Amino acid sequence: MKLPILLITLVAMVAAKSAPGRMAARYDHFRIYQLTIETNLQMEELKKIHEHISVHFLNELGAVGNKYNVIVGPLFHRALEKTLKFLEIVYEVIVDDLQKLIDESSVGDDSQMEWETYHTLDTIYDWIDQECAAHDFLECKVIGQSYEGRDIKSIRLSKRSGNKAIFLEGNIHAMEWISSATVTFLLNQLINSEDPEMQRLSEEYDWIVVPMVNPDGFVYTHEVERLWRKNRRPNGYRNESGDCYGIDMNRNFDYHWGGAGWNIDEPCDHWFGGEEPNTEVEIISLQNFVSSFEDGYIRSYMAYHAYGQYVLLPYGHSNTEFPPNYEQMKRIAAAFSDAAADVYGSTFTYGASGLLNYVVSGAAKDWAYGVKKIPFTCTVELRDKGTFGFFLPSNQITEVGLEVTAGLKALVNKAAEEGIFD
Ligand SMILES: [Zn+2]
């Protein structure tokens, strides 16, 4: 089994003794190194680096020519740098003290929902309940419980019958806090904004939102391990540090499942896609919920993730096979990208995920497109491009919300022009 999880466990154990705070695991003086991998040989060696250095990969290793971020503790800085020099891998220390970054992107005033800090699950859910109680046009439903028994809540906004629907999915990956922050920002805009264009979008379309697909993992990132990605079901495997937990739920959907993806078959690693598709109760609940609506009602499915600034289109499982309406989806994604960039200059790259990132299967957008026949689906990878990565400072939440709002307006209008809602 892999070392990264062992590292996390060791860190957690040390941290629990030295700094009993809100978060058990601490990352004082842990660095994030950004490596530019230029050759296949470098990639092959990087994949084996954990055999002698404790590293936590923040990105799946995929194509040569990309940059990859790794977390390394102070004990291993010198060994890593020596190895990188030996392999002639170009690197940069982009974060010198990860704990500082985690502190700057932590939960601030959690007394009520707003979008200037990150919030806990309880505050997010309380806000949803309040909005639901206040507005007749919202229908709120618990679509199922997580493995540890937490509610998975949904909100459907519908102001008029006969509308087609747009589905927004949030925080399937636990550590990607900006995801649920952005999805709730969008929902708040749809419910409460006085912007006439936003009001029109909330009149003319139904919106179905599941802001927190992975509540167990999310709570775990708040209370124990900020770097957690998967859900929290013991997956039946063990390694040197004990039982292994969780499935990468965005690798567990039943469409070309299990075909590809780095370490998708490593049960103790962050990207384990499960023994078979549809093993996770959270994913089954989400799929059943999507399937509970009549065919043709949901016309767009968007899953919000971090990070990298991409609009990733189907397919993930191949970089040679493309969806029938791929060119159309690209035009719609381009509208998002152009409009989002107009706000603060953030550029979103768009295209098939198998082409842009790496070939990986079992993701929600591919299932929604391939199985549910929803004609525009995507994964939106939010800010940034790697400077802060998963630890985006909370003072950027509102900016992300505003640029994505602008992108979404343009996307929906372009999709309408393209006949997606017909
Ligand atoms: Zn993600």
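## An enclosed strand

Strand β1, covering residues 31–36, is largely enclosed by the rest of the structure, because 5 of its 6 residues are buried. Keep in mind as you look around that this is a predicted model.

So who sits beside β1? On one side of the pairing list is strand β3 (residues 67–72), joined to β1 by 6 bridges, and the two run antiparallel. Take Tyr33 as an example: its bridge partner in β3 is Val70. Strand β4 (residues 90–95) is also antiparallel to β1, with 5 bridges between them. Here you can pick out Ile32, which stands opposite Val95 in β4.

## The zinc ion

Now turn to the metal. Which residues hold the protein donors of the zinc ion? They are His173 and His305, each through ND1, and Glu176, which is listed with two OE donors. These donors lie 2.0 to 2.3 Å from the zinc ion. Along the chain, they follow the spacing H-x2-E-x128-H. Both His173 and Glu176 are buried.

Why is the arrangement around the zinc ion called irregular? The 4 donor atoms subtend angles of 58 to 150°, and a tetrahedral label would need all angles to lie between 85 and 135 degrees.

## Arg229, beside the zinc donors

Arg229 is a good next stop. You'll find Arg229 in the loop between α8 (215–223) and β9 (234–239), and it counts as buried because its relative accessible area is 8%, with the cut-off set at under 20%.

The side chain of Arg229 makes a polar contact of 3.3 Å with the side chain of His173, one of the zinc donors. Another polar contact, at 2.9 Å, links the side chains of Arg229 and Asp248. Setting aside neighbours within four places in sequence, Arg229 is also in contact with a string of other residues, including Glu60, Glu176, Asn214, His270 and Trp271.

## Two spots in one loop

The loop between β10 (242–245) and α9 (281–291) is home to Asn250, and Gly273 is found in that loop too. Asn250 is buried, at 5% relative accessibility. Its side chain reaches the backbone nitrogen of Ala364 at 2.9 Å. Beyond residues up to four places away in sequence, Asn250 touches the zinc donors His173 and His305, and its other contacts include Ile172, Ser361 and Gly362.

Gly273 is buried as well, with a relative accessibility of 1%. Its contacts, leaving out neighbours within four places in sequence, are Ile247, Asp248, Arg251, Asn252, Trp257 and Ile264. Asp248 is a familiar name here, as its side chain is in polar contact with Arg229. Gly273 and Gly362 are 89 residues apart in sequence, yet their C-alpha atoms are 7.5 Å apart in space.

## The annotated glutamate

Last comes Glu381, which an unreviewed UniProt entry lists under "active site". Where does Glu381 lie? Its place is in strand β14, residues 376–382. Is Glu381 buried or exposed? At 11% relative accessibility, Glu381 counts as buried.

The side chain of Glu381 reaches the backbone nitrogen of Tyr307 at 3.2 Å. Not counting residues up to four places away in sequence, Glu381 touches His305, Ala306, Tyr307, Gly308, Gln309, Tyr310, Leu312 and Phe348. That list brings us back to the metal, since His305 is one of the residues donating to the zinc ion.

Methods: Residues numbered from 1 in each chain as written. Predicted model: local features only at pLDDT ≥ 70, side-chain atom pairs only at ≥ 80, totals over all residues. Heavy atoms only, no water. UniProt positions renumbered as here; feature names shortened; annotations may be inferred. Helix = DSSP H or I, 4+ residues; strand = E, 2+ residues; numbered from the N terminus. Buried < 20%, exposed > 50% of the residue type's maximum accessible area, 1.4 Å probe, protein only. Contact = heavy atoms within 4.5 Å. Polar contact = N/O pair within 3.5 Å; in protein donor to acceptor, adjacent residues only side chain to side chain. Pairing = 2+ DSSP bridges. Donors = N, O, S within 2.8 Å, 3.2 Å for Na, K, Ca; no water. Tetrahedral: all angles 85-135°; square planar, octahedral: opposite > 155°, others 65-115°.
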